[in-house]
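Student: Could we go through this structure together, with a reason given for each term?

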Amino acid sequence: MEFKFGGSEVNQRTVLGHPSGLFVLFFTEMWERFSYYGMRALLVLFLVASIVDQGWGWERENALLLYGWYTGLVYITPIFGGLIADKIMGYRNAVVLGAFLMTLGHASMALEGTADFFFFIGLGLLIIGNGLFKPNISSMVGQLYKTQGKEKDAGYTIFYMGINAGAFLGILLCGYIGEKVGWHYGFGLAGIFMFFGMLQFYFAQKIFAKIGLPPRKKEDLDDVIEDALEDTEDAIEEVAEEASKSKVVTERLVVIGVFSFFTIFFWWAFEQAGGSMTIFASDYTDRVLAGNGALIFKISNAILTVVPMLIITWVLSLLFRQIFGKYALSNILLGSSFVIIWGIVIWMLQREFVAETAEVPASWFGILNSFFIISFAPLFSKIWSSKYNPTGPVKFAIGLLLLGIGFGILSFGSVGIPLGAKTASVNMVFLILAYLFHTLGELCVSPVGLSYVSKLAPVKLVGMMFGIWFVANFIANTLAGFTGSYIDPIVEEYGMASFFLIFTIIPIAAGIVMLALNKTLLRMMHGIR
């Protein structure tokens, strides 16, 4: 009997029209993103918080530099994590080991009050664990489907929603507990759900049958390294060979290079979200609400929290119906994690409703990105599939322009902040609008870049081109921290409005250049759309 989907017989049972195994991966990825974004929301806030507030009292410059290196390195390690999984461990073992290392990393950071050593060890474990986890769980999603059609695209869309659901809940809950209760509780909470995600995946992994198993041929480490070097040399030789015999291939590779270059400008500015924009939310935004304003926020926050939780819990129940009999332990562990998360949600909302005023956590603004993605992704999807679908370079240009407009709004809102001011009370509407425009820009850029890399690169060079793409993201994130670290001297001499104006002008200028290159790039794509 031939199965419709990859994996075991149980995996043929569908949830929302997709194989059950997709949702095992969905919830694993959701808890991993919960842990990553939950920790990311707290990192800079914890480092710059005063000793009295249980933080480390770092200068903003040093905190943003560390943030930049951390978020940059998580884009480099997946290159090696994918190679290790391909050659030695297999995807499933790499996912489990990566999740375990990240769990240890969060646990180590939860001991931040004990010694600096544990904090930095924790960051290192998170970077290495992410490298093993991130590329390999995504690869398993693709192998669930036997065709390259709309079903696989829809599967990745559902998986992407899991990413955003995890990011949303992680920032919301870890951020709240970290700021309101204690930093180490926030870091620790991120690790708890990473641990649950690892266990539910481990005890349900047989649903994937042969998908993700280690390669049959066992090779020692020297052979693996030698093979990797040979593969790289072969790829470079192939590029050189193709460039002498195929203008089409050469020009398509140049287009990938152009997209990779311009993506640096986008993520360099966008990643201010966890750095300078978090500092702006913490120290320069009026986050205390009273009266009707407080009530409106409490109700809105409750709806924002409860509605996604109800939807995800419903999906969880659908999964249980299909695989509980076969993978009961995995489902019990997953269900237990939801019982805990519901308990925290109810406690948080009850605690806020009884308070006379509402103080919005600085980390709260980070949830807006995930919320806007979930809200606007269907609209953008319809536009992209209609006659109004713009070309790839135009989408990229629109994304850069929208990003610049978002920072322009922040710059305008910061005009009244005095030179050198360490605090201010800017209306939070400016930050909310900035996140809106940044997210709309992300919807134009993020899916487009990855799609064009896979379309334009020759089959044998796809891996190498994705490596270049990850390197571009590493450069962007590292530069984001480096540039953000100059916030204090720039604010002191030129003002906060000028600081955000930097991130307004450069992306808009890059977007205009990309628009000018549209026809040239289309010609160099040679029919790829």
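**Reasoning from values to terms**

Student: What makes the protein chain agree with a compact globule?

Tutor: In this predicted model, the protein chain has a radius of gyration of 23 Å, and because a compact globule with 529 residues would have one near 24 Å, the two values agree. The C-alpha trace spans about 65 × 55 × 50 Å along its principal axes, and the chain contains 19 helices and six strands.

Student: Why is Thr-478 called buried?

Tutor: Buried means under 20% relative accessible area. Thr-478 has a relative accessible area of 16%, and therefore Thr-478 counts as buried. Across the protein chain, 56% of the 529 residues count as buried.

Student: Where does Thr-478 lie, and which residues does Thr-478 touch, not counting those up to four places away in sequence?

Tutor: Thr-478 lies in helix α16, which covers residues 462-484. With residues up to four places away in sequence not counted, Thr-478 touches Gly-68, Trp-69 and Gly-72, where a contact means heavy atoms within 4.5 Å.

Student: How do you know what share of the contacts in the protein chain comes from residues 24 or more positions apart?

Tutor: Taking the contacts with a separation of 6 or more, residues 24 or more positions apart account for 84% of them.

Student: What is the accessible surface of the protein chain, and what part belongs to carbon and sulfur atoms?

Tutor: The accessible surface comes to about 22500 Å², and 66% of that surface belongs to carbon and sulfur atoms. As for charges, the protein chain has 34 positive and 38 negative ones, and their mean positions are 13 Å apart.

Note on methods:
Residues are numbered from 1 along each chain as its sequence is written. This is a predicted model: local features need pLDDT of at least 70, side-chain atom pairs count only at pLDDT 80 or more; totals for chains, interfaces and linings use all residues. Side-chain values use heavy atoms; hydrogens and water are left out. Helices (H or I, at least four residues) and strands (E, at least two) are DSSP runs, numbered from the N terminus. The radius of gyration is taken over C-alpha atoms; the globule rule is 2.2 Å times the number of residues to the power 0.38. Buried means under 20% relative accessible area, exposed over 50%, partly exposed in between (1.4 Å probe, protein chains only). Accessible areas come from the Shrake-Rupley method with a 1.4 Å probe; for residues, only the protein chains shown count as cover. Lys and Arg count as positive and Asp and Glu as negative; His and the chain ends are not counted. The place of a charge is taken as NZ of Lys, CZ of Arg, CG of Asp or CD of Glu.
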